[in-house]
Every structure is written in C-alpha cells, then in structure tokens.
Amino acid sequence: MHDDVPQGRRILRRRSLLQGLAGAAAGAAALSACAGGDGPRRTDSVRIILGHGAAPGNPRSDGALAFQRLVAEQSGGEVEIQILGQESVGNDTEMMVSVAAGTLDMSINSQGPFSSYVPEAALIGLPFLFESSAHAYAVLDGALQDTIAARAEEVGFHVLNLWDNGMRDISNSVRSIASPEDVAGLKIRTPDDPMTIDIFGELGANPTPLAFGELYLALRQGAVDGQENPVVNIKSSSLQEVQSHLAVTGHKYEVNPFVMSTTRWKNLSEDIRQVIASAAQGAVEEQRRLMTEQTAAIYTEFEQILEVTHPDRAAFREATAPVAERWQAEHPDFFDQITTAAEAIRAEHEEQPA
Ligand code: TK8
C-alpha cells in the first residue's frame with residue numbers, strides 16, 4: 001500500500017482489478033452454463049463481491065469472514081462471497097461510488113463516506129452523543145436504523161445493518177492532551193466525514209481529510225500530527241508505532257454501514273436475500289463481540305507503550321456544543337429522533353463512579 005505509485009494511478013489499478021473481476025465472474029458463469037455432464041451443476045451459483053477498508057485481524061475483516069462462511073453454510077455453497085479488503089478495490093469513498101454504480105456488489109463502509117449519500121447518518125457522530133458502543137447499539141438497532149435504511153434505499157443502497165466502528169479517541173505525536181485547548185493548532189487527519197471535520201474545526205485544530213490507507217505514512221512522515229479513531233483501528237493498522245500520545249476522549253461514535261447495491265439486491269431470489277440478511281445478522285454479532293473483546297485488551301497494551309490521558313469529557317462536550325447546534329439546524333427531525341433516543345437511556349450507560 002505504501003509504495004510510490006501516485007494516487008491516481010493506484011485508483012486506476014484498483015478499477016481495472018474490479019473490471020477484471022467482473023469479467024472473470026461473467027466468464028465463470030458462461031463456462032458453467034455450457035459445462036453440463038459430470039460434476040456438480042454450478043449453473044445456479046452466485047458470486048457476490050464484498051469490499052472493505054479494514055486491515056487483517058480487524059474485527060471488520062473477521063466479521064466479513066464470518067459473513068462469507070455463514071452465507072456459504074446457509075446457502076449450501078450456492079452463494080459465494082468474495083472478499084476484497086484493505087482498500088484493495090478503493091478506499092471507502094471510492095467503494096461507495098462503485099456500489100452506487102453497481103460495479104461492486106457490497107461494502108462494509110464508513111459513516112462519513114456513507115453520509116455523502118445519506119446526510120443524516122453523519123449525526124450518529126454528534127459529539128458526545130453516546131457513552132459507549134453498547135449505548136449506541138441500544139439506540140440505533142431498530143427505528144433509527146430503519147430511518148437510515150429507508151433514506152439509503154432511495155439513493156441506491158440496501159442497508160443490511162450497522163457494524164461497530166467504535167468510540168473514537170485522539171492520538172498525536174506532539175503533546176499530551178488534557179483539555180480541549182491542547183487540541184488547538186494540531187494538524188489532525190480526519191476521515192471524509194463532515195461531522196468530524198466540524199468537531200476538530202471547532203476545537204481549533206487543523207482538520208485534514210485523508211483516506212485511511214494513506215494515514216500510516218502521513219503520520220510517519222509528519223504530514224499530519226495526529227488522528228482520531230477507535231483503538232482497535234489504531235492497533236490493526238499499527239498507527240501506535242508512529243504516535244506517542246493517546247487521549248481517551250470518546251468524542252464521537254461511528255458505525256460501519258453494511259450496504260449492498262439495491263439493483264443487485266432486487267435481482268436476487270427471495271431465498272438468497274433471506275440467507276444474506278440472516279448471515280449479515282450473525283456477522284454483525286460476531287463483529288461487535290470482537291470489538292468489545294479487542295478494545296479492552298488494546299487499552300491495557302497502549303497504557304504501556306503510549307502516553308495515555310483521560311481528559312474530562314464534560315470540558316470537551318462544552319467546547320464542541322456549537323457543532324450540535326449547527327447540525328440540529330440542518331436536520332431538525334433526525335436530530336430530535338436520535339438525541340431523544342440517546343438521552344432516554346443515557347443514565348443506564350453512564351460509567352458508574354468507582
Ligand atoms: C477504514 C476506515 C476507518 C475509519 C477511518 O476503512 O477512516 O478513520 O475509522 O475504519 O473506515
């Protein structure tokens with residue numbers, strides 16, 4: 001990934017890989033259609049291509065593998081999921097474009113790039129909306145997910161479910177962060193996400209959107225001072241090697257929307273759709289379980305190798321309050337829906353004082 005190929009060339013390479021795959025799939029279908037004779041009949045087999053941007057060992061990668069296995073089992077081998085991870089068919093933004101165009105069947109994507117199509121989704125990342133991932137699941141699973149899915153369906157994405165991209169913390173290589181003032185002046189890489197850009201702009205940082213796959217090198221070369229992500233993503237992409245401070249802010253939460261091109265979804269048989277929906281449910285449960293398990297272990301490890309601070313969340317909440325006001329003005333209905341749901345059960349999810 002970190003070679004010298006210019007970005008444009010790299011995208012081209014990914015595109016031709018995708019086209020090659022589509023061609024190969026068509027070729028295989030044509031072959032099996034005229035095969036006949038001996039051997040199992042493969043004429044009904046279906047291949048579905050799933051792209052994601054996570055590194056091997058990341059819960060998203062392992063969740064994708066669980067999905068692949070469950071689909072194979074539940075379809076008796078009739079449906080094959082081909083996984084292309086680690087941004088090998090494009091970064092999150094590019095994969096959203098490919099799914100919309102129907103050249104990629106599915107993606108376990110990210111909140112920011114998804115919110116270019118479904119703007120309301122950015123509000124899941126309102127600063128300090130959630131206390132924890134468990135709080136977010138309780139709020140999002142159900143009516144909120146249905147609202148998001150209905151909007152997405154109108155613009156070409158069938159939402160299977162929302163995976164956990166975790167509570168986000170801030171790492172950097174310049175200084176310890178104890179208060180919001182310490183963030184000011186830092187050049188912070190953000191995803192292609194309008195909410196995160198807004199939050200870090202409000203804190204006086206210099207928010208710099210960049211694809212996740214470019215981040216390790218940008219940090220190593222000092223092109224940016226820091227970044228924000230859940231510790232699980234920091235660890236699975238080894239970002240701790242090129243960072244020295246971690247501030248456990250939990251300043252926002254993100255989902256990974258698991259999307260399929262609506263055209264592809266509609267063209268599948270009802271049986272296959274049921275298999276996919278049920279396998280996606282099994283996979284999100286596995287992914288969330290892995291997130292919880294890995295998060296605790298990684299915090300313990302990072303305490304040893306990084307300078308870790310636990311800033312006062314209330315001070316950060318106050319410093320970022322104007323962000324919420326702006327997004328409320330822009331999406332009043334969805335803002336009400338999500339904040340009311342989050343407040344209703346906040347007390348149950350607040351950390352108990354020791
Ligand atoms: C990796 C990204 C990553 C996200 C980001 O595909 O870009 O910071 O948090 O998980 O989706």
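Two residues are in contact when heavy atoms of one lie within 4.5 Å of heavy atoms of the other. Keep that cut-off in mind during this tour of a predicted model.

**Stop 1: the whole chain**

Show the full chain as a cartoon. It has 14 helices and nine strands. Of its 354 residues, 52% count as buried. Take the contacts between residues at least 6 apart in sequence: 76% of these join residues at least 24 apart. Now switch on the surface. The chain exposes about 15,100 Å², and carbon and sulfur atoms supply 53% of that area.

**Stop 2: Asn172**

Select Asn172, which is found in strand E4. Is Asn172 buried or exposed? Its relative accessible area is 0%, and a residue counts as buried under 20%, so Asn172 is buried. Leaving aside residues up to four places away in sequence, Asn172 touches Ile177, Leu186, Asp225, Gly226, Gln243, Ser244 and His245. Colour these residues to see what surrounds the side chain and backbone of Asn172.

**Stop 3: strand E4 and its partners**

Extend the selection to the whole of E4, residues 157-172. E4 is largely enclosed by the rest of the structure, because 16 of its 16 residues are buried. Which strands pair with E4 in the antiparallel sense? One is E8, over 12 bridges; another is E7, over four bridges. To find the pairing with E8, select His158, which stands opposite Met260. For E7, select Ser171, whose bridge partner is Gln227. While the strands are on screen, recall a general rule: in a regular strand the side chains alternate between the two faces of the sheet.

**Stop 4: helix H6**

Next, select helix H6, residues 194-202. Its buried residues are Met195, Thr196, Asp198, Ile199 and Phe200. These pack against several strands, namely E4, E5 (187-190), E6 (206-209), E7 (226-229) and E8 (245-261), and against helix H12 (321-330). Past the end of H6, click on Gly204, which has a positive phi, near 80°.

**Stop 5: the nonpolar cores**

Show Phe114, Phe130, Leu140, Tyr253 and Ile338 as sticks. Among the 51 residues of the largest nonpolar core, these five touch the most other members. The elements that give two or more residues to this core are helices H3 (92-101), H5 (133-154), H6, H12 and H13 (332-344), with strands E4 and E8. The largest share, eight residues, comes from H5.

Centre the view on Phe114. Not counting residues up to four places away in sequence, Phe114 touches Met96, Asn109, Ala121, Ile148, Ala152, Val159, Pro257 and Val259. A second, separate core has 24 residues, including Ala64, Leu70, Phe258 and Ala279.

**Stop 6: the ligand**

Finally, select the ligand and the residues that surround it: Gly53, Arg60, Asp92, Ser110, Asn165, Arg168, Arg189, Pro191, Phe212, Asn229 and Asn233. Three distances can be checked here. A polar side-chain atom of Arg60 is 2.5 Å from an oxygen atom of the ligand. For Asp92, an N or O atom of the side chain is 2.8 Å from a ligand oxygen atom. For Asn165, a polar side-chain atom is 3.0 Å from an oxygen atom of the ligand. How much of the ligand's accessible area does the protein cover? On its own the ligand has 300 Å² of accessible area, and the protein covers 98% of it.

Methods:
Residues numbered from 1 in each chain as written. Predicted model: local features only at pLDDT ≥ 70, side-chain atom pairs only at ≥ 80, totals over all residues. Heavy atoms only, no water. Buried < 20%, exposed > 50% of the residue type's maximum accessible area, 1.4 Å probe, protein only. Pairing = 2+ DSSP bridges. Core = buried A, V, L, I, M, F, W, Y, C linked by side-chain atoms within 4.5 Å. Near = heavy atom within 4 Å. Polar contact = N/O pair within 3.5 Å; in protein donor to acceptor, adjacent residues only side chain to side chain. Areas by Shrake-Rupley, 256 points an atom, 1.4 Å probe, with all protein chains shown as cover.
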